[in-house]
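I opened this notebook page to record what I looked up in the structure below, going from a surface feature to the chain as a whole.

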Amino acid sequence: MKKWIFLLVFTISTGIATDMFAQGCSVCTATASNLDSKSARGLNAGILYLAFMPLTIIGFLGYRWYKSNRSMR
């Protein structure tokens, strides 16, 4: 039962976040299309830099959750 609740909350929150950030993606696309090669590489590096920490935290929490549920079986 807990797995279904987690899956439902995760699906709903992902859907809301996708709709919320859709405008930001179009702004980045419009900005990137007007940049030269060096500036575009800098924009890509900045995006990766900003995404690294949240993705690392999510990955760590997912790994811990997986390991804790795996040991219960």
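I began with the surface, where I found that F52, M53, I57, F60 and L61 form a nonpolar patch with about 550 Å² of accessible area together. I keep in mind that this is a predicted model, and that the area is therefore a value computed from predicted coordinates.

I then looked up one member of the patch, F52, and noted that its place is in helix α3, which covers residues 37–72. Its relative accessible area is 53%, and because exposed means over 50%, F52 counts as exposed.

Next I asked myself which side chain has a polar atom 2.6 Å from the backbone oxygen of F52. The polar atom belongs to the side chain of T56, and I found the place of T56 in helix α3 as well. T56 has a relative accessible area of 34% and is therefore partly exposed, since that class lies between the 20% limit for buried and the 50% limit for exposed.

Turning to the whole chain, I counted 3 helices and 0 strands, and from the N terminus on I read the order of the elements as α-α-α. Buried residues make up 0% of the 73 residues in the chain. The chain exposes about 6,900 Å², and carbon and sulfur atoms supply 73% of that area.

Last, I checked the confidence values, where the chain averages a pLDDT of 75 and 66% of the residues score at least 70. Among the elements of the chain, helix α3 has the highest mean pLDDT, 84, whereas helix α1, residues 2–20, has the lowest, 63. I add a reminder to myself that predicted coordinates should not be read in detail where pLDDT is low.

Definitions and conventions: Residues are numbered from 1 along each chain as its sequence is written. This is a predicted model: local features need pLDDT of at least 70, side-chain atom pairs count only at pLDDT 80 or more; totals for chains, interfaces and linings use all residues. Side-chain values use heavy atoms; hydrogens and water are left out. Patches are made of residues with over 30% relative accessible area and no salt bridge: like charges are joined within 9 Å, nonpolar side chains (Val, Leu, Ile, Met, Phe, Trp, Tyr) within 5 Å. Accessible areas come from the Shrake-Rupley method with a 1.4 Å probe; for residues, only the protein chains shown count as cover. A salt bridge is a side-chain nitrogen of Lys or Arg within 4 Å of a carboxyl oxygen of Asp or Glu. Helices (H or I, at least four residues) and strands (E, at least two) are DSSP runs, numbered from the N terminus. Buried means under 20% relative accessible area, exposed over 50%, partly exposed in between (1.4 Å probe, protein chains only). A polar contact is a pair of N or O atoms within 3.5 Å; within protein, one must be able to donate a hydrogen and the other to accept it, and residues adjacent in sequence count only if both atoms are side-chain atoms. pLDDT is the predictor's confidence in each residue, from 0 to 100.
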